[in-house]
Amino acid sequence: MSIENRFNKYDRSDMLENVLALPDQMREVWNSSSDFILSRPSAGSTLVICGMGGSAIGAVLIRDLVNKNSDFSVHIERGYLLPAYASANSTVICVSYSGNTEEVLTLFDEAVQRGCEIGVITSGGELGRRAAEANASVMNIRGGLPPRAAIGLLFTSLLRLVVNWGIYRITDEEFTELLKKARFIIKEITPGYNSKDNLAFQLSKKLYKKIPLIYAGDGLLKGVSYRWKCQFNENGKIMAYSNIFPELGHNEIMGWECPDNIKKNLFLIFLIDRDDHPKVQKRMQVTYSMLEKLAGDSVVIDSSWYGNNSGGRLERLLSMLILGDMMSVYLAVGRGVDPTPIEKIETIKKLLKMGES
Ligand code: F6R
């Protein structure tokens, strides 16, 4: 069956359309977010961003984008406890696409109690209601998408903030150029386009019967490697894991002494970026030469894979986001599964709700 027919048959809720719509989502929020105003965290402080799953990913990507230039640090809270240091002087942003995620609602209430300055990014739900009641600054985004497919809306809400705060610089003209570039990148890996050289399609074919281990440096691509893992899990419905250099060279590397029949099922994916610390680059090279012989399959992907070696950090970040997202939908339809339903995630939420009543 052709890949186009596979999408018609298995992608029943149009996850592909959502992936292709990334630049449109970004444009939509860029145009509508200028009123989303929040105090800039002071130098030396920590900005806390609360969110789970697909709603946390935008924050993770922003953290990696600004890490180099920011005079405050970014902590992403994915649990039920606000860090002890979050106080009346702290800025806390609560992100939940549905607005109904238990952990984020708990963190929001705690932030209100502690008198933190609060920003909320949501399409509504209970978080939207509580935010209005607490007079928090709210960025309302369009609802109706699976949260992980709203990445363009979620990411750009935060991008707007860091641009307003002067932590990341991009003009309106540069933003327009960036979206043009994103459309070009998407076209390169769209189904039916140039399928022999279509990197996302070709790589996804290698994933069907493997467990991807996605390794990146502790820099621009740290969060991207996690996004790939999550998209392979949620869209592709396969096991996938990610880890980061240099830390993995001090522990996980020993796991490669596991039985050969397990190793042959592992697909080793190295994500590299030219801004990775030189010592991390060296470590990654040395480690790859050790591991490529052991893994069932392996590949190194440079964040300039689409052929622009002078692309900026945000462009490279987006190129890797797009590539992973596209691979995950090819993977799903290639396996004959619908990328959109996430039954087990919903079952957990339902079981917890039943336990409450
Ligand atoms: C679903 C997805 C999940 C959700 C998570 C939290 O597409 O990616 O990881 O993002 O269960 O729900 P929200 O985003 O509504 O707060």
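The following questions and answers walk through a predicted model, from its sheets to its ligand and a few single residues.

Student: In what order do the strands of the open sheet of 5 strands stand?
Tutor: The pairing in this sheet is parallel, and neighbouring strands are turned by 20° against each other on average when direction is ignored. Its edge strands, β2 and β5 (137-140), each pair on one side only. Reading across the sheet, the order is β2-β1-β3-β4-β5.

Student: Which residue in β5 does Ile-121 stand opposite?
Tutor: Strand β4, which covers residues 117-122, pairs with β5 in the parallel sense over 4 bridges. Across this pairing, the residue in β5 that stands opposite Ile-121 is Met-139.

Student: With which side chain does the side chain of Thr-46 make a polar contact?
Tutor: Thr-46 has its place in strand β1, residues 46-50. Leaving aside neighbours within four places in sequence, Thr-46 is in contact with Ser-73, Val-74, His-75, Tyr-85 and Thr-91. Among these contacts there is a polar one between side chains, at 3.1 Å, and the partner of Thr-46 in it is Ser-73.

Student: Why is one side of β7 and of β9 left without a neighbour in the open sheet of 4 strands?
Tutor: This sheet is parallel and has the order β7-β6-β8-β9. Because β7 (241-245) and β9 (297-302) stand at the edges, one side of each is left without a neighbour in the sheet, and what each of them has is a single partner strand.

Student: How many bridges join strand β6 to β7?
Tutor: Strand β6 takes in residues 211-217 and runs parallel to β7. One place to look along these strands is Tyr-215, which stands opposite Asn-243 in β7. The number of bridges joining β6 to β7 is 5.

Student: At about what angle does helix α10 run to β6?
Tutor: Helix α9 (residues 199-207) packs on the sheet that holds β6, touching β6, β8 (266-272) and β9, and its direction makes about 145° with that of β8. Helix α10, made of residues 222-234, lies across β6, β7, β8 and β9, and its angle to β6 is about 165°.

Student: What percentage of the area that the ligand exposes when taken alone does the protein bury?
Tutor: The ligand is surrounded by 14 residues, and the closest are Ser-55, Ser-96, Ser-98, Thr-101 and Arg-148. A polar side-chain atom of Thr-101 lies 2.5 Å from an oxygen atom of the ligand, while a backbone N or O atom of Gly-54 lies 3.0 Å from a ligand oxygen atom and a polar backbone atom of Pro-147 is 3.4 Å from one. Taken alone the ligand exposes 400 Å², and the share of this that the protein buries is 94%.

Student: What kind of pair do the rings of Phe-72 and Trp-165 form?
Tutor: A search of the whole structure finds 10 aromatic pairs, and the one between Phe-72 and Trp-165 links distant parts of the chain, 93 residues apart. Phe-72 is in the loop between α4 (54-66) and β2 (73-77), and Trp-165 is in the loop between α7 (151-164) and α8 (172-188). Their ring centres are 5.9 Å apart and their planes stand at 80°, so the pair is edge-to-face.

Student: Is the peptide bond from Phe-245 to Pro-246 cis or trans?
Tutor: Pro-246 has its place in the loop between β7 and α11 (260-263). The omega of the bond from Phe-245 to Pro-246 is near 5°, and the bond is cis.

Terms used. Residues are numbered from 1 along each chain as its sequence is written. This is a predicted model: local features need pLDDT of at least 70, side-chain atom pairs count only at pLDDT 80 or more; totals for chains, interfaces and linings use all residues. Side-chain values use heavy atoms; hydrogens and water are left out. Two strands pair if DSSP finds at least two bridges between them. Helices (H or I, at least four residues) and strands (E, at least two) are DSSP runs, numbered from the N terminus. Contact means heavy atoms within 4.5 Å. Axes are lines fitted to C-alpha atoms, for helices over the stretch in contact, and angles run from 0 to 180 degrees between N-to-C directions. A residue is near a molecule or strand if one of its heavy atoms lies within 4 Å of it. A polar contact is a pair of N or O atoms within 3.5 Å; within protein, one must be able to donate a hydrogen and the other to accept it, and residues adjacent in sequence count only if both atoms are side-chain atoms. Accessible areas come from the Shrake-Rupley method with a 1.4 Å probe; for residues, only the protein chains shown count as cover. Rings of Phe, Tyr and Trp (its six-membered ring) pair if their centres lie within 6.5 Å; planes under 30 degrees apart count as stacked, over 60 as edge-to-face and the rest as tilted.
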